[in-house]
Amino acid sequence: MRQLKRSAVAILSAALLGAAGLAATATPANAAQNSAGSTSAPSGPAASTSATPALTQLNFQYASWSYQSPNPQSPSMGWVYPGLHYAYCYTMGPSVTYMGKTSSIWFLTDDDSGNKNVWVNKVYLDPDSWNVSVPKC
């Protein structure tokens, strides 16, 4: 009986790890959807949401506070440091200006302080990531 329980746990663990690996490598399937490179509010019908958000890798050039909501007036949660980070999706919010760039696009991500589902503005991105397509939230 004990061996059966161990086998069941091993099978379930392998299945969960495999599913997590697939989720971590997911990319947006629809290249025609609104991109985060747009500087104006997207128009047309709202994008559909899925149970598992796609992950898009972005390179942040500057450190930034992460926020509880896509608004610099909301509580700051922690930090996103320069380097590669995954963004789940983007939404429009209040504009932020930094280092000569202005954007009203906010990315949902996890920060380097351990906070999940926090928001960071697009102005902190490396120029090479400025036009990377990210799904709309």
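The link between Cys89 and Cys137 is right-handed, with 90° about the S-S bond, in what is a predicted model. This disulfide, with its sulfur atoms 1.9 Å apart, is accompanied by no second one, as the structure holds 1 disulfide. Cys89 lies in strand β4 (residues 83-98) and Cys137 in the segment after β6 (118-121), so the disulfide ties together parts of the chain that are 48 residues apart in sequence.

**The disulfide and its surroundings**

- The two partners differ in their exposure class: Cys89 is buried, with a relative accessible area of 10%, whereas Cys137 is partly exposed, with a relative accessible area of 33%.
- Thr91 is likewise found in strand β4, and because its relative accessible area is 18%, under the 20% limit for a buried residue, Thr91 counts as buried.
- Cys137 also appears among the contacts of Thr91, which, once neighbours within four places in sequence are left aside, are Pro70, Ser104, Ile105, Trp106, Trp119 and Cys137.

**Overall architecture**

- The chain has 1 helix and 6 strands, and these elements run α-β-β-β-β-β-β from the N terminus on.
- Of the 137 residues in the chain, 31% are buried, while the accessible surface of the chain comes to about 8,200 Å², with 58% of that surface belonging to carbon and sulfur atoms.
- When contacts between residues at least 6 apart in sequence are considered, 61% of them join residues that are at least 24 apart.

**Strand β6: Asn121**

- Asn121 has its place in strand β6 and counts as buried, at 1% relative accessibility.
- The side chain of Asn121 reaches the backbone oxygen of Ser103 at 3.1 Å, and a polar atom of the Asn121 side chain also lies 3.4 Å from the backbone oxygen of Ile105.
- Beyond its neighbours within four places in sequence, Asn121 is in contact with Phe60, Pro94, Val96, Ser103, Ser104, Ile105 and Trp106, a list that includes both of the residues whose backbone oxygens are approached by the Asn121 side chain.

**Strand β6: Val118**

- Val118 is also placed in strand β6, where, at 2% relative accessibility, Val118 counts as buried.
- Not counting residues up to four places away in sequence, Val118 touches Ser66, Tyr67, Met77, Phe107, Leu108, Thr109, Asp110 and Asp111.
- Between Val118 and Ser76, a separation of 42 residues in sequence corresponds to 9.0 Å in space, taken from C-alpha to C-alpha.

**A nonpolar surface patch**

- Trp65, Trp79 and Tyr81 form a nonpolar patch on the surface, and together these residues have about 300 Å² of accessible area.
- Within this patch, Trp65 has its place in strand β2 (residues 64-67), and at 38% relative accessibility Trp65 counts as partly exposed.
- Ser66 and Tyr67, which are among the residues touched by Val118, fall within the residue range given for strand β2, 64-67.

Key. Residues numbered from 1 in each chain as written. Predicted model: local features only at pLDDT ≥ 70, side-chain atom pairs only at ≥ 80, totals over all residues. Heavy atoms only, no water. Disulfide = S-S within 2.5 Å. Helix = DSSP H or I, 4+ residues; strand = E, 2+ residues; numbered from the N terminus. Buried < 20%, exposed > 50% of the residue type's maximum accessible area, 1.4 Å probe, protein only. Patch = residues over 30% accessible without salt bridge, like charges linked within 9 Å, V, L, I, M, F, W, Y side chains within 5 Å. Areas by Shrake-Rupley, 256 points an atom, 1.4 Å probe, with all protein chains shown as cover. Salt bridge = Lys/Arg side-chain N within 4 Å of Asp/Glu carboxyl O. Contact = heavy atoms within 4.5 Å. Polar contact = N/O pair within 3.5 Å; in protein donor to acceptor, adjacent residues only side chain to side chain.
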